[in-house]
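Got a model open and wondering what to make of it? Let's go through it by question and answer.

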Amino acid sequence: MTDTTSIKHPAPLTSGDFTAAEEPFALFAEWFAEAVKSEPNDPNAMALATVDADGLPDVRMVLMKGYDADGFVFYSHIASQKGRELAANPKAALLFHWKSLRRQVRIRGSVTPVTDEEADAYFATRPKQAQIGAWASKQSQPLESRFAFEQAIAKVAAKYFIGEVPRPPGWGGWRITPQRFEFWHDRPYRLHDRIEFRRDAQSQAWSKVRLYP
């Protein structure tokens, strides 16, 4: 749908429209499945927002590596800037933007580390070169040169030339458990559709409200 579409005859809202959804995880699953088919690169890419000790926001792109009714999971270095910020303030916001579908999903909630077993299982699925990189990188720390990084990679690669690469002790994952979902869909002339789901605890039912664009 483009801005040349007449606002006098917008696409009607039907019983099958996403705003009729009553549960956010099922709706996310539908949208994500469509994004996997349409997005040319990384449909699982999401912006992760945290805050530092001074309350200054930080945001960066990470890759979602799994989701279920308990939340959305990603992995990184524990001592990275985001890792330190999440340890100090275990709350975060996520944003999925699927440009090909003209859709966004915003998520806010609490954050908990994944178990060692979960982190080990995921790390074992990574390409060996990525596993080596996780050992060689001191993420978010100053790096004197690219050559120094390449030397560190070569050293780790030689150490683990044969056999499996274990998960580094400073590398793990986090799970964002949603308390807020917002689903946004583009419509002509900025007359977008937005719905928000809210709950304060996992034991509670979701409440839903439609929002002005």
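**A walk through the chain**

Q: How much accessible surface does the protein chain have, and what share of it belongs to carbon and sulfur atoms?
A: Keep in mind that this is a predicted model, so every value here is computed from it. The accessible surface of the protein chain comes to about 12,700 Å². Of that area, the share belonging to carbon and sulfur atoms is 55%.

Q: In what order do the elements of the protein chain run from the N terminus on?
A: The protein chain has five helices and nine strands. Reading from the N terminus, the order is α-β-β-β-β-α-β-β-α-α-α-β-β-β.

Q: What percentage of the residues in the protein chain is buried?
A: A residue counts as buried when its relative accessible area is under 20%. The protein chain has 213 residues, and its C-alpha trace spans about 65 × 40 × 35 Å along the principal axes. The buried percentage is 39%.

Q: What percentage of the contacts with a separation of 6 or more comes from residues 24 or more positions apart?
A: Take the contacts in the protein chain with a separation of 6 or more, and pick out those between residues 24 or more positions apart. They account for 63%.

Q: How far apart are the mean positions of the positive and negative charges?
A: The protein chain carries 28 positive and 26 negative charges. Take the mean position of each set, and the two lie apart by 3 Å.

Q: Which helix gives the most to the lining of the largest pocket?
A: The largest pocket holds about 410 Å³ of space and is lined by 15 residues. Nearest its centre are Ala136, Ser137, Lys138, Phe149 and Ala152. Two helices, α4 (128-136) and α5 (146-159), each supply at least two residues of the lining. With five residues, the top contributor is α5.

Q: Which residues of α4 are buried?
A: The cover over the buried part of α4 includes β4 (71-77), α3 (116-123), α5 and β7. The α4 residues buried there are Gln131, Ile132, Ala134 and Ala136.

Q: Where does Glu144 lie, and is it buried or exposed?
A: Glu144 is found in the loop between α4 and α5. Its C-alpha is 32 Å from that of Leu94, with the two positions 50 residues apart in sequence. The cut-off for exposed is over 50% relative accessible area. Glu144 reaches 76%, so it counts as exposed.

Q: What is the phi of Asp42?
A: Most residues other than glycine have a negative phi. Asp42 sits in the loop between α1 (24-38) and β1 (45-51), and it is partly exposed, at 47% relative accessible area. Although Asp42 is not a glycine, its phi is positive, at about 45°.

Q: Which loop residue between β7 and β8 has a positive phi?
A: The loop runs between β7 (171-185) and β8 (193-198). The residue in question is exposed, with a relative accessible area of 63%. Its phi is about 65° although it is not a glycine, and its name is Arg190.

Q: How far apart are the C-alpha atoms of Ala201 and Thr177?
A: Ala201 has its place in the loop between β8 and β9 (207-211). At 30% relative accessibility, Ala201 counts as partly exposed. Ala201 and Thr177 are 24 residues apart along the chain, and their C-alpha atoms are separated by 9.4 Å.

Technical notes. Residues are numbered from 1 along each chain as its sequence is written. This is a predicted model: local features need pLDDT of at least 70, side-chain atom pairs count only at pLDDT 80 or more; totals for chains, interfaces and linings use all residues. Side-chain values use heavy atoms; hydrogens and water are left out. Helices (H or I, at least four residues) and strands (E, at least two) are DSSP runs, numbered from the N terminus. Buried means under 20% relative accessible area, exposed over 50%, partly exposed in between (1.4 Å probe, protein chains only). Contact means heavy atoms within 4.5 Å. Accessible areas come from the Shrake-Rupley method with a 1.4 Å probe; for residues, only the protein chains shown count as cover. Lys and Arg count as positive and Asp and Glu as negative; His and the chain ends are not counted. The place of a charge is taken as NZ of Lys, CZ of Arg, CG of Asp or CD of Glu. On a 1 Å grid over the protein atoms alone, a cavity is a set of points where a 1.4 Å probe fits but cannot get out, and a pocket is an open set with protein on both sides within 12 Å along at least five of seven lines; lining residues have an atom within 4 Å of a point. Grid points are joined across faces, edges and corners, and a volume is the space filled by probe spheres set on the points.
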